[in-house]
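Work through the exercises below with the model open. Each task is followed by a solution in steps.

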Amino acid sequence: MTTLVCTSASDAATPATQTRSYPSFSSYMRARQPVLLRTARSLTANPSDAEDLLQTALTKTYVAWDRIEDHRALDGYVRRALLNTRTSQWRKRKVDEFACDELPEQEGLPAADPAEQQALRDAMWRAVMKLPARQRAMVVLRYYEDLSEAQTAEVLGVSVGTVKSAVSRALGKMREDPELAPAA
């Protein structure tokens, strides 16, 4: 599904005689783009469509940058823009699918059972929740928020070595968790 997007956010946001530059938007976008792209990919089946969706949502965010009062809640604003944009695209889509009497044969390997995948995700979260608070925070920042070791250390106010050792111990505890043993 291809949707037209604004070619220039500054053209859409201001008259042709003015251009606005938001250094804080640029730094926000660079810092949070990987995490927001994962969210966009969860909303679409095609990675290219996810990139287009994120670009459109970030364009809408850029246009509204002056009106956003709480810049601490930007992730929520962008996620809502992603969802609203995807919903609008879905409503406008051309239906190319038709009902048929027989299902076509699936090619390739059978897909993993969604119920098993969800059970594994639930077991993983239970294992994360069993960790001490400090280790849990480090694991979440490193692997769910996708921060580097240095960024995690900075956020928590500890050294990089502390992050490395604590994450290593946490992963060791999670490997020993009996709920996760069948997955390994």
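**Exercise 1. Thr 152**

Task: In this predicted model, determine whether Thr 152 is buried or exposed, and find which residues Thr 152 touches beyond four places in sequence.

Solution.
- Step 1. Thr 152 has a relative accessible area of 0%. Buried means under 20%, so Thr 152 is buried.
- Step 2. Thr 152 belongs to helix α7.
- Step 3. With residues up to four places away in sequence left out, the contacts of Thr 152 are Met 138, Leu 141, Arg 142, Leu 147 and Val 163.
- Step 4. One of these partners, Arg 142, is ten residues from Thr 152 along the chain, and the two C-alpha atoms are separated by 6.6 Å.

**Exercise 2. The packing of α6 and α7**

Task: Classify the arrangement of α6 and α7 from the angle at which they pack, and list the residues that make the contact.

Solution.
- Step 1. Two packed helices are described by the angle between their axes and the distance between the axes.
- Step 2. Helix α6 covers residues 133-144 and helix α7 covers residues 149-156; they pack at about 135°, and their axes are 9 Å apart.
- Step 3. An angle over 145 degrees would count as roughly antiparallel, and 65 to 115 as roughly perpendicular. The angle here falls in neither range, so α6 is oblique to α7.
- Step 4. The handedness of the crossing of α6 and α7 is right-handed.
- Step 5. From α6 the contact takes Ala 137, Met 138, Leu 141 and Arg 142; from α7 it takes Glu 149, Thr 152, Val 155 and Leu 156.
- Step 6. Sorted by class, the contact of α6 with α7 holds five nonpolar residues, one polar residue and two charged residues.

**Exercise 3. Asp 146 in the loop**

Task: Locate Asp 146, and state what sign its phi has.

Solution.
- Step 1. Asp 146 sits in the loop between α6 and α7.
- Step 2. Its phi is near 60°, which is positive, and the residue is not a glycine.
- Step 3. Most residues other than glycine have a negative phi.
- Step 4. The relative accessibility of Asp 146 is 45%, so this residue counts as partly exposed.

**Exercise 4. α6 against α8**

Task: Describe how the axes of α6 and α8 cross, then state where Gln 135 lies and which residues it contacts outside its sequence neighbourhood.

Solution.
- Step 1. Helix α8 spans residues 160-175, and its axis comes within 9 Å of that of α6, crossing at roughly 100°.
- Step 2. That angle lies in the range of 65 to 115 degrees, so α6 and α8 are roughly perpendicular to each other.
- Step 3. On the α6 side the contact uses Arg 134, Gln 135, Met 138, Val 139, Arg 142 and Tyr 143; on the α8 side it uses Thr 162, Val 163, Ala 166, Val 167, Arg 169, Ala 170, Leu 171 and Lys 173.
- Step 4. This contact of α6 with α8 divides into eight nonpolar, two polar and four charged residues.
- Step 5. Gln 135 lies in α6 and is buried, with a relative accessible area of 8%.
- Step 6. Setting aside neighbours within four places in sequence, Gln 135 is in contact with Ala 166, Arg 169, Ala 170 and Lys 173.
- Step 7. Gln 135 and Leu 171 are 36 residues apart in sequence, and their C-alpha atoms are 9.2 Å apart.

**Exercise 5. α2 against α4**

Task: Give the geometry and the contact residues of α2 and α4, and place Met 29.

Solution.
- Step 1. Helix α2 (residues 23-43) packs on helix α4 (residues 74-92) at about 35°, with 11 Å between the axes.
- Step 2. The crossing of α2 past α4 is right-handed.
- Step 3. Tyr 28, Arg 32, Val 35, Leu 36, Thr 39, Ala 40 and Leu 43 of α2 contact Leu 74, Asp 75, Val 78, Arg 79, Leu 82, Leu 83 and Arg 86 of α4.
- Step 4. By class, the contact of α2 with α4 comprises nine nonpolar, one polar and four charged residues.
- Step 5. Met 29 is placed in α2 and is partly exposed, at 27% relative accessible area.
- Step 6. Met 29 and Leu 58 are separated by 29 residues in sequence and by 7.8 Å from C-alpha to C-alpha.

**Exercise 6. The whole chain**

Task: State how many helices and strands the chain has, and what share of its residues counts as buried.

Solution.
- Step 1. The chain has eight helices and zero strands.
- Step 2. Of its 184 residues, 28% count as buried.
- Step 3. The chain exposes about 13000 Å², and carbon and sulfur atoms supply 53% of that area.
- Step 4. Among contacts with a separation of 6 or more, 61% come from residues 24 or more positions apart.

Notes. Residues are numbered from 1 along each chain as its sequence is written. This is a predicted model: local features need pLDDT of at least 70, side-chain atom pairs count only at pLDDT 80 or more; totals for chains, interfaces and linings use all residues. Side-chain values use heavy atoms; hydrogens and water are left out. Axes are lines fitted to C-alpha atoms, for helices over the stretch in contact, and angles run from 0 to 180 degrees between N-to-C directions. Helices (H or I, at least four residues) and strands (E, at least two) are DSSP runs, numbered from the N terminus. Angles under 35 degrees count as roughly parallel, over 145 as roughly antiparallel, 65 to 115 as roughly perpendicular and the rest as oblique. A crossing is left-handed if the near helix is turned anticlockwise from the far one by less than a right angle, and right-handed if clockwise. Contact means heavy atoms within 4.5 Å. Ala, Val, Leu, Ile, Met, Phe, Trp, Tyr, Cys and Pro count as nonpolar, Asp, Glu, Lys and Arg as charged, and the others, Gly among them, as polar. Buried means under 20% relative accessible area, exposed over 50%, partly exposed in between (1.4 Å probe, protein chains only). Accessible areas come from the Shrake-Rupley method with a 1.4 Å probe; for residues, only the protein chains shown count as cover.
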